[in-house]
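Welcome! Here is a short guided look at one protein, for a reader who is meeting it now. Please have a look at the sequence and the 3D view before reading on.

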Amino acid sequence: MKIVDEKTSRDALINPRAIKGVPKLDSIALMCAVRPDVDDLVKCLGLKQSHQLPMNKIHFNKDGKGGCVAGPMMGAPYAAYVLEQLIASGAEKILFVGWCGAVSPDLEIGDVIVPSSAFVDEGTSVHYSHREIGAIVRSFPNEDLADWLSGALERQEIEHARKAVWTTDGIYRETPEQIEYFSRQGAAAVEMELSALQSVANFREAALCGVLIVSDELHSGKWKPGFSNPTFQKTRKKVIEALCRICRAA
């Protein structure tokens, strides 16, 4: 196996810098994979300022307090770029909210996961961690932050599971063989950003964890979308409201 260890040199030729026009972020930063969650969180938190990144925005208050929201974003490389910018701008605790597809029959549309780990099936994590090419690799959340988030969701009476997920670059390559393989390894759901975000956060010594809502199912061998399912939409709203309360209390 070829060994790759990017940690032998922490400095690259291009390094992230604090974003001009964005105040120092001294509370929880929220990262959202999809537009509806961004819009709902910005409205809920009453964020009035924003800064344009190449493909999304960071929303914040003028003084940098009360949380910030970054998104939308799809895929590991761009999500990692956004996270690097947030950390360089002062973010130390980051919560990622996204949607996922169930690859285990234990999950169904509308369920919530606070992932315990993420199987790396994307190409970004290798640049932030020591690993063997071709080996089964997982990245992990900050355990204290994940426990804290789990407790906050419990207090809002939001049932959730602590399970592993699978992060892939190939949205149209979630084949039956791939689904079966990662299910056997212990993955309960599939998404596109979390393993890379955890790798970046661990490398930069920031605390990050995620919360995912099951939006579709793949475990039956057929795709069952649930984006307009009332249960999914109701649960999504509850999670957004819980995240708003978390930011206000931070």
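Does Thr124 count as buried or exposed? Thr124 counts as buried, because its relative accessibility is 10%; here buried means under 20% relative accessible area, exposed means over 50%, and partly exposed lies in between, with a 1.4 Å probe and protein chains only. Thr124 sits in the loop that runs between β8 (117-121) and β9 (130-132). Leaving aside residues up to four places away in sequence, Thr124 touches Ala76, Pro77, Ala80 and Ala196, where a contact means heavy atoms within 4.5 Å.

A word on the background: this is a predicted model, in which local features need pLDDT of at least 70 and side-chain atom pairs count only at pLDDT 80 or more, while totals for chains, interfaces and linings use all residues. Residues are numbered from 1 along each chain as its sequence is written, and side-chain values use heavy atoms, with hydrogens and water left out.

## The whole protein

Let us step back. The protein has six helices and 14 strands; helices (H or I, at least four residues) and strands (E, at least two) are DSSP runs, numbered from the N terminus. Its radius of gyration is 17 Å, close to the 18 Å that the globule rule gives for 250 residues, so the protein is as compact as a globular protein of that length. That radius is taken over C-alpha atoms, and the rule is 2.2 Å times the number of residues to the power 0.38. Along the principal axes, the C-alpha trace spans about 50 × 45 × 30 Å.

Of the 250 residues, 55% are buried. Among contacts with a separation of 6 or more, 77% are between residues 24 or more positions apart. The accessible surface comes to about 12,200 Å², and carbon and sulfur atoms hold 50% of that surface; the areas come from the Shrake-Rupley method with a 1.4 Å probe, and for residues only the protein chains shown count as cover.

What about charge? The protein carries 29 positive and 32 negative side chains, and the centres of the two sets lie 7 Å apart. Lys and Arg count as positive and Asp and Glu as negative, with His and the chain ends not counted. Each charge is placed at NZ of Lys, CZ of Arg, CG of Asp or CD of Glu.

## The cysteines

How many disulfides does a search of the whole structure find? The search finds one disulfide, a term that stands for a pair of cysteine sulfur atoms within 2.5 Å. The partners are Cys44 and Cys244, with their sulfur atoms 2.3 Å apart. Cys44 lies in helix α1 (residues 35-45) and Cys244 in helix α6 (residues 230-249), so the bond ties together parts that are 200 residues apart in sequence. Cys44 is partly exposed at 28% relative accessibility, whereas Cys244 is buried at 0%.

Why does Cys247 form no bond with Cys244? Their sulfur atoms are 6.8 Å apart, which is too far for a bond, although Cys244 holds the closest cysteine sulfur to that of Cys247. Cys247 is buried, with a relative accessible area of 2%. For Cys100, the closest cysteine sulfur is in Cys209, 14 Å away and too far for a bond. Cys100 is buried too, at 1%.

Cys100 also turns up among the residues touched by Ser215, along with Trp99, Ile109, Pro225, Gly226, Phe227 and Phe232, not counting residues up to four places away in sequence. Ser215 lies in strand β13 and is buried, with a relative accessible area of 2%.

## Backbone details

Most residues other than glycine have a negative phi, and most peptide bonds are trans. Two glutamates have a positive phi, as the table shows.

| Residue | Phi | Loop | Relative accessible area |
|---|---|---|---|
| Glu157 | near 60° | between α3 (143-155) and β11 | 68%, exposed |
| Glu205 | about 60° | between α5 (194-204) and β13 (207-217) | 73%, exposed |

A cis peptide bond joins Gly71 and Pro72, with omega about -5°. Pro72 lies in the loop between β5 (68-71) and α2 (76-88).

One more stop is Glu174, in the loop between β11 (164-168) and α4 (176-185). Glu174 is partly exposed, at 22% relative accessible area. Among the residues that Glu174 touches, beyond four places away in sequence, are Trp166, Val190 and Leu218. Glu174 and Leu218 are 44 residues apart in sequence and 8.8 Å apart in space, C-alpha to C-alpha.
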